[in-house]
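Welcome! Here is a short tour of one protein model, meant to be read with the structure open beside you. Take your time and find each piece on screen as it comes up.

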Amino acid sequence: MTAAGPGTARETPGEGTDPDDELTRLRGEVRALRARVRAYPLISQAQGMLQERYALPDADAAFTLMRRASQRFNVKMRTLAGALVTTVRPDERTAVWFPRRVRHPEPALGFLPPGTEGARSRGAVLAAVLDRTLDVVGTGMGNVQTVDRVRGGLRMERHTGLSEEFVDFFEHVGADGTSCARAARDLSQVTVRDVESDPVFSEPAREAILAAGSRACHSVPLTTSAGHCVGMVSAHADRPLPELDRTRIEALDALGAQAGRWLAWYERTVLLDALEYLHALGRESRGAHRPAHRPA
């Protein structure tokens, strides 16, 4: 085999593909890797709890149970792990984790696209919340966050039109320094007409937002019927935002209330169903791995 000289054609990985497509693919892989790295400590903690609770032979066995529950109820592994580590331990002598819970019907959602009423996954609902908000505000950049059960604050769930740097910086938001934090605290919509001068932002947050091309934003809390914030949707604009009229403010209030009630129902119903199924799997596995009794 001869070495390729200066005039010899070299075959390179990805030759014949669109460089922009390849860059998009690589960026997607990097984002996915970062998401896995962020979720790993929480999932690892949940594996350890399951291994100890049900006397499982190793962490892989615990992961297998979590994956089965995740797939059966269409719940993200990170969401399931967060619920597991923050929920009171079940009575392992009983088959039902939540014997006294009351089931409620799924709340109606008026903002879902036509034809999707029967496919209300959590991801689809959050995507629809974001799309509707951007339509009402009249912009193409935005994100949805939910309350982080483990760390507190808000955790990024979905986004569109925002830079990777923005998503990394605001992956988790604490109690102050941003418009979404204020909206969560006050349980009211917050409009920032000029990011560059509004005092609601900490300086690092302001710099990250401006670097992403956002010059204004509007945040809407997702609230339960009991008045608790369970999430946030924010629209970003590359220009100063005028004050929203009463019609749009009321539409966004209704959106936030519907989405908040649905998320609370999801936590009390789908997520608890997934935990109970996981508990049943754990009890079965503990019996399967228990050493057989040998008479003396």
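Strands E1 and E2 form a hairpin with six residues between them, and in that turn Gly152 has a positive phi of about 80°. Keep in mind that this is a predicted model. From this hairpin we can step out to the sheet, then to the protein as a whole, and finally to the empty spaces inside and on it.

**The sheet**

- The hairpin belongs to an open sheet of six strands, which follow the order E3-E2-E1-E6-E5-E4 with antiparallel pairing.
- Which strands sit at the edges of this sheet? They are strand E3 (172–173) and strand E4 (190–192), each of which pairs on one side only.
- A second hairpin is made by E5 and E6, with five residues between the strands. Here Gly227 takes a positive phi near 85°.

**Strand E1 and its two neighbours**

- On one side, E1 is joined by six bridges to strand E2 (residues 154–160), and the two run antiparallel.
- E1 also pairs with E6 in the antiparallel sense, over six bridges.
- Gln145 is a good residue to look for, with a partner in each neighbour: Met156 stands opposite in E2, and Met232 is the bridge partner in E6.
- Another pair to find is Met141, which stands opposite His236 in E6.
- Is E1 mostly covered or mostly open? E1 is mostly covered, with six of its seven residues buried.

**Strand E6 and its link to E5**

- Strand E5 (residues 216–223) is joined to E6 by eight bridges, and these strands run antiparallel.
- Two pairs let you follow this match on screen: His218 stands opposite Ala235 in E6, and Ser219 has Ser234 in E6 as its bridge partner.
- E6 is mostly covered as well: eight of its nine residues are buried.

**The protein as a whole**

- Nine helices and six strands make up the secondary structure of the protein.
- How many of the residues are buried? Of the 296 residues in the protein, 44% are buried.
- The protein exposes about 16400 Å², and carbon and sulfur atoms supply 52% of that area.
- Take the contacts in the protein with a separation of 6 or more: 63% of them are between residues 24 or more positions apart.

**A close look at Ser70**

- Ser70 lies in helix H2 (residues 59–73).
- Why does Ser70 count as buried? Its relative accessible area is 11%, and buried means under 20%, so Ser70 falls in the buried class.
- Leaving aside neighbours within four places in sequence, Ser70 is in contact with Val75, Lys76, Met77 and Leu80.

**The cavity**

- Rolling a probe the size of a water molecule over the atoms shows where empty space is left.
- The count comes to one cavity of 30 Å³ or more, and the largest cavity has a volume of about 100 Å³.
- Which residues lie nearest the centre of the largest cavity? Among its 14 lining residues, these are Asn143, Phe166, Phe170, Cys180 and His236.
- His236 has thus come up in two places: opposite Met141 in the sheet, and in the lining of the largest cavity.
- E1, helix H6 (179–186) and E6 each supply at least two residues of this lining.
- The lining of the largest cavity divides into seven nonpolar and seven polar residues, with no charged ones.

**The second largest pocket**

- About 310 Å³ of space lies in the second largest pocket.
- This pocket is lined by 16 residues, and those nearest its centre are Arg122, Thr146, Val147, Arg149 and Glu267.
- Helix H3 (77–86), strand E1 (141–147), strand E6 (229–237) and helix H8 (246–268) each supply at least two residues of the lining.
- Which element gives the most to the lining of this pocket? H8 does, with four residues.
- By class, the lining of the second largest pocket has six nonpolar, three polar and seven charged residues.
- E1 and E6 therefore deserve another look on screen: each supplies at least two residues to the lining of the largest cavity, and each does so for the second largest pocket.

Conventions. Residues numbered from 1 in each chain as written. Predicted model: local features only at pLDDT ≥ 70, side-chain atom pairs only at ≥ 80, totals over all residues. Heavy atoms only, no water. 1 Å grid on protein atoms, 1.4 Å probe; cavity = no way out; pocket = protein on both sides within 12 Å on 5 of 7 lines; lining within 4 Å. Points joined across faces, edges and corners; volume = space filled by probe spheres on them. Nonpolar A, V, L, I, M, F, W, Y, C, P; charged D, E, K, R; others polar. Buried < 20%, exposed > 50% of the residue type's maximum accessible area, 1.4 Å probe, protein only. Contact = heavy atoms within 4.5 Å. Areas by Shrake-Rupley, 256 points an atom, 1.4 Å probe, with all protein chains shown as cover. Pairing = 2+ DSSP bridges.
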